[in-house]
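Q: Got a minute to go through this one with me? I'd like to start with confidence and then look at some helix packing.

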Amino acid sequence: MLDIAVIEEPAAAEASLDPIRSRILAALADPGSAAMLATRLGLPRQKVNYHLKELERHGLVELAEERRKGNVTERVYRATAASYVISPSVLAAVSPDPSRSPDQLSARWLLALGSRLVQEVGALLTGASRAKRRVATFGIDAQVRFASAADRTAFAEELSLAVATLVSRYHDESAPGGRSHRVVVGLHQIPSAPAPGAVGAVAAAAPEPDQENEK
């Protein structure tokens, strides 16, 4: 089972978003048969079996084993990944395009960058899986707490300069056999936990007044 898989086909995305099928996918972190899943989820076995076949058709679950139980062959399934991400390529006609309106201070542009990251890395993973090769990637995840908006601005300026310096040092347009890589650095406020009685994600996502950058 993969840690994470990227869904690139619209039909597979639709299948994964069905409430019952998403519950089945979560339950299949541990392999199970239709009968076992029906017991776990409190659903009719026939209904579970139908949804299993649809998930298998779209490559979201796979047959783990077949075992005999008397005169019956029991099919045991497992999810193909522990979690899934739907690629923006599923909505190709309306997927975000970072080149449309680049603005380093726009939260929506940062979101467009993230969407492109999912799309491109997802395509790399799909190709590498077919070729049975690994994908060379690198990521940094860190947290920083700023004392003020001015400190955050200064940090962003220093970070921009450092990245530009590194890119100019190592970029070689004419290198024979060179491979182009994309560098994406993002900075955003971490959503806070919702206050008691607040409306879930809406309250959690609301930025502090002096932290709002969106134009």
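Q: Which helix has the lowest mean pLDDT among the elements, and which the highest?
A: This is a predicted model, and helix α7 (residues 200-205) sits at the bottom with a mean pLDDT of 50. The highest belongs to helix α6 (residues 149-170), at 96.

Q: And what's the mean pLDDT of the protein chain?
A: The mean is 87, with 89% of the residues at 70 or more.

Q: Where does pLDDT stay under 50?
A: Over residues 211-215, for which the model has eleven contacts beyond four places in sequence. Where pLDDT is low, the predicted coordinates should not be read in detail.

Q: OK, switching to α3. Which of its residues are buried?
A: In helix α3 (residues 34-41), they are A34, L37, A38 and L41. Looking down the axis of α3, these fall within an arc of 105°, so they line one face of the helix.

Q: What covers them?
A: The cover includes α2 (19-27), α4 (45-57) and β3 (72-79).

Q: Take α2, then. At what angle does it pack on α3?
A: About 110°, and the axes of α2 and α3 are 11 Å apart. The range for roughly perpendicular is 65 to 115 degrees, so α2 counts as roughly perpendicular to α3.

Q: Which residues make that contact?
A: R23, I24 and A27 from α2, and L37, R40 and L41 from α3. By class, that contact has four nonpolar, two charged and no polar residues.

Q: What follows α3?
A: G42, with a positive phi near 70°.

Key
Residues are numbered from 1 along each chain as its sequence is written. This is a predicted model: local features need pLDDT of at least 70, side-chain atom pairs count only at pLDDT 80 or more; totals for chains, interfaces and linings use all residues. Side-chain values use heavy atoms; hydrogens and water are left out. pLDDT is the predictor's confidence in each residue, from 0 to 100. Helices (H or I, at least four residues) and strands (E, at least two) are DSSP runs, numbered from the N terminus. Contact means heavy atoms within 4.5 Å. Buried means under 20% relative accessible area, exposed over 50%, partly exposed in between (1.4 Å probe, protein chains only). The arc is that of the directions from the helix axis to the C-beta atoms. Axes are lines fitted to C-alpha atoms, for helices over the stretch in contact, and angles run from 0 to 180 degrees between N-to-C directions. Angles under 35 degrees count as roughly parallel, over 145 as roughly antiparallel, 65 to 115 as roughly perpendicular and the rest as oblique. Ala, Val, Leu, Ile, Met, Phe, Trp, Tyr, Cys and Pro count as nonpolar, Asp, Glu, Lys and Arg as charged, and the others, Gly among them, as polar.
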